[in-house]
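Here is a short report for a reader who is new to this structure. Take a look at the model, then read on.

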Amino acid sequence: MAEEALASLSVFFSPICSSHFVPWKLDAPFLSLPLRTQFSASAESQKPQLKKAPEFPILEKQNWLIHLHYIRKDYEACKAVIKEQLQETQGLCEYAIYVQALIFRLEGNIQESLELFQTCAVLSPQCADNLKQVARSLFLLGKHKAAIEVYSEAAKLNQKDWEICHNLGVCYIYLKQFNKAQDQLHNALHLNRHDLTYIMLGKIHLLEGDLDKAIEIYKKAVEFSPENTELLTTLGLLYLQLGIYQKAFEHLGNALTYDPTNYKAILAAGSMMQTHGDFDVALTKYRVVACAVPESPPLWNNIGMCFFGKKKYVAAISCLKRANYLAPFDWKILYNLGLVHLTMQQYASAFHFLSAAINFQPKMGELYMLLAVALTNLEDIENAKRAYAEAVRLDKCNPLVNLNYAVLLYNQGEKRAALTQYQEMEKKVNLLKDSSSLEFDSEMVEMAQKLGAALQVGEALVWTKPVKDPKSKHRSPSASKAASVPQPLGSNQALGQAMSSAAAYRKLPSGAGGTSQLTKPPSLPLEPEPTEEAHPTEASAQIREK
Amino acid sequence: MAAASSSDSEGGRAESEASSKWLDAHYDPMANIHTFSACLVLADLHGDGEYKLAVGDLGPSGRQPCLKVLKGPTVLAESALPALPAAAAAFLMGQHEPRTPALALASGPCVYVYKNLRPYFKFSLPQLPPNPLEQDLWNQAKEDQIDHLTLKEMLEGIREKAEVPLSVQSLRFLQLELSEMEAFVNQHKSKPIKRQAVITTMTTLKKNMADEDAMSCLVLGTENKELLVLDPEAFTILAKMSLPGVPVFLEVSGQFDVAFRLAAACRNGNIYILRRDCKRPKYCIELSTQPVGLVLAHKVLVVGSTQDNLHGFTHKGKRLWTVHMPAAILTMNLLEQRSRGLQAVMAGLANGEVRIYHDKALLNVIRTPDAVTSLCFGRYGREDNTLIVTTRGGGLIIKILKRTAVFAEGAGEVGPPPAQAMKLNVPRKTRLYVDQTLREREAGTAMHRTFQTDLYLLRLRAARAYVRALESSLNPVSATAREPLKLHAVVQGLGPTFKLTLHLQNTSTARPILGLLVCFLYNEVLYALPRAFFKVPLLVPGLNYPLETFVESLSDKGISDIIKVLVLREGQSAPLLSAHINMPVSEGLAAA
């Protein structure tokens, strides 16, 4: 100390760049003795010590500089200062080692950083921070159990640290001990609320498949930090999954207000706009995403289905094919491609896309039905029947499957079998009517009535709804979803369209030949509408979310 | 200085200057100033109404610290410093006239005070009390009542448990080998044990009046997690407060004698808010990342984080808003335009931008040629609103805010993002595609049937070929239980002589294979091989055996043919496996 202080004093008093100081006329005062006695006294008192033993450097002399370089991400400068300080203190400066370890970890050398943190923990065993970092490195190395042990050690030293609780919770999530994880995360929230903890808690509920609880958590999180776009988007997507479109749109909209380029929120909001037929608005929004993430399969799928909704089929196929190129194993894109090709009456191509989709997703009735429609049009009645049989076997709630099958059977002259299918369809319709107020597609109703007449079963079936209840409409898709498939894929209209092409193929006098594609009045906002095929994309956005 | 800045294209500059709120007063990329915002001070150091810029400079490699005083674009004076400056501040020490502010420079454990640019006073932080147990031990050592090993053990025990950390002397002693201990103890035992704190940050706090030219106290943050308030006249410690972390940035409002609020951003990632008359923090903001800057503007505490966000907090620690920056924040400072009563936050970013925010509204963006390392705004020379910027390479930029300039909210980014106006890149389809579509519509059924028929045929043929291959061991991998073998062949050379290498591998786990033969079948008119039939050595499991042979092409007509390789077992006529090698066309002249 004395040596250094003395050196410092001498420098302090002597003018270094005297030439510069001339205009200030500072030479004399700089050489003169200090004005205060304290100053000189301290200088004198330190002189005798110098001769006895060398002074030790102050260990923490440049900690502030190391820290400043570190937070400014100037790691090279930081390392230089660390090296200097460690040399000077012979490796005793704990903070320098600590930051060196942090930098190692940022550079991906987790093992080295772990060793350095352990050195720090030896230098000052009472410090919870060092233990926390050791645990963090262990966590990053995937040693979750070891990390939990060290975190628990750290928790003994510092009991009111939300970070320890939070990280313990995260470790437990990775070990799939969700109950413990929840406890720790709730502890963390109790100590101090952080967005990250909410996200993790929500994740646990999602992993457990409990959407309602997850929504509760995210609601609280959004209340706590109303501008966090990630929270808003996730909540919006969860509402979307449950079919509560109003709230979903509200939250996604909020997210977009704070961050107009949020990829996930735009995709989800865009797909909702598509559901309502606002194709142009959706396309405008997609432009932002197309700029930010030009190689996103769900994006191009949605754009494709926008064009489909606008009846620009060639553009739709181009976009869907790009989506398919980017994600060749995504059955939803293949489904949409099949659908568009059916609409374009390219049955041979439709067959290929649909059979590819079935290879990836063999458990969906609607896919087999579409395949059957394609086969019917390709005059392969035998296989069409087999596909219908599979569709009927897999599908539990969609009356269209049975209706289309019945039409085919009737056209083939198998009236008895057709009647069976017709009755199956009636059952499903009644079931749907009881469970929800789903609006039936008018074209489907018309077709069913014609078939009923042809089969001479009369008009017993009541298709029309008693009252249109605007509120309950919101829930309708969720009800149908709960019954079988996760998304209301291939809406009535789309299938109705497919069906009508199947029906138009043969004798039944229908006149439906694919002309009545947009029959719904656009004033009803939340009905399952022509382009609900866009839903697969929402789903994929959600899947990635998880 | 005009010469230094005129390198840009004049036309573009004039245009941008007209619309800009700033006048480019000076730009020197080689000013050789390396510092932080905390070490920049604008003050009327001579009391002549001409404001100077005092810079605590770290030196080009952080090794030659010096104090620079700039007047306009030129360096007035430069004086070397004993240690790196952590912070600089200008403050009024007393009520006397003339009211010339003193310059304080915090460095290591000391504050150096300059008045009229002359050294005036040096304040050193008081020594920290040593651990009494440690003191005892060394006292015993002094009187030789304790041997070195016991001393070491006892000290280690203290290190494990004690609240007060050990002194450097003891820590160094613990590192020593047994042989070195004696000398060390003899050399150091008579010295008192010392623990010295270091100043990490410094700011000023008005003493008892809010006026601009009122006396201010210095507020110091130290490495041992304390905040000290110094009396401006006597340099005694007026108040001492302790923090749970090491302070990095300080922001103060109010007056010491009346009421004040102190916000300290600490190394543990938290920001603590203290008030007068409380020794401990009143509120705590947990950022969960490191703060890179702290500015108090209009009672809103603006914090920059290492995750490129600016957060606004109330003085009670409630988060108000968050803004995301396009690049890492390097430094922050306050922009105060007194004439319009504006307080805004400037953030210097790694991409060379300086962004000015009023709350969360972006007011202005200044682009600089390099990453900004420090910022300072205030009166410089005789100009009220001057912005000082230093850049990573040591450059100095001085900009003057136009007197007509008004910062309007929403001047930054509003409305939809620019990407929304871009056209979608939808892949185009060709005429051919449309024609094929039409053809498919007309003859879809036929196409489908043909395709299905061909597909069945293809499958049938594939199956047949596979069966045939299996029956005659025509495949290069033999899967029989006794001789699991793998073969692949490589042909090298341009011709007429080729080198043919067969790689033969025994794929069984343990059993070596003995007694194999290799036979080549080829057209003798086209090719000549030195040996068409040879024995294979013992094949150790797992190893790859390259078997080389030369093939000479005899034809000069550019014809090539297949050479068949058969691997046989001695005494059996059916091959174990076989390979067909498509020989390349000989590109060289046929051998005469």
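## Surface

In this predicted model, chain A has an accessible surface of about 23,200 Å². Carbon and sulfur atoms account for 54% of that surface.

Chain A has 546 residues, and 57% of them are buried.

## Fold and contacts

Chain A contains 30 helices. It has zero strands.

Consider the contacts in chain A between residues at least 6 apart in sequence. Of these, 57% join residues at least 24 apart.

## Annotated repeats

An unreviewed UniProt entry lists "repeat: TPR" for chain A. The record gives residues 195-228, 229-262, 331-364 and 365-398.

Two of these stretches can be described in the model. Residues 195-228 of chain A are 79% helix and 0% strand. Their end C-alpha atoms lie 8 Å apart. Residues 331-364 of chain A are also 79% helix and 0% strand. Here the end C-alpha atoms are 11 Å apart.

## Cysteines

How many disulfides does a search of the whole structure find? The count is zero over all chains. Cys319(A) is in no disulfide. The nearest cysteine sulfur belongs to Cys306(A), 9.2 Å away. A disulfide needs two cysteine sulfur atoms within 2.5 Å.

Is Cys319(A) buried or exposed? Cys319(A) has a relative accessible area of 0%, and buried means under 20%, so Cys319(A) counts as buried. Cys171(A) is buried too, with a relative accessible area of 0%.

Conventions:
Residues numbered from 1 in each chain as written. Chains lettered and ligands numbered in written order. Predicted model: local features only at pLDDT ≥ 70, side-chain atom pairs only at ≥ 80, totals over all residues. Heavy atoms only, no water. Helix = DSSP H or I, 4+ residues; strand = E, 2+ residues; numbered from the N terminus. Buried < 20%, exposed > 50% of the residue type's maximum accessible area, 1.4 Å probe, protein only. Contact = heavy atoms within 4.5 Å. Areas by Shrake-Rupley, 256 points an atom, 1.4 Å probe, with all protein chains shown as cover. UniProt positions renumbered as here; feature names shortened; annotations may be inferred.
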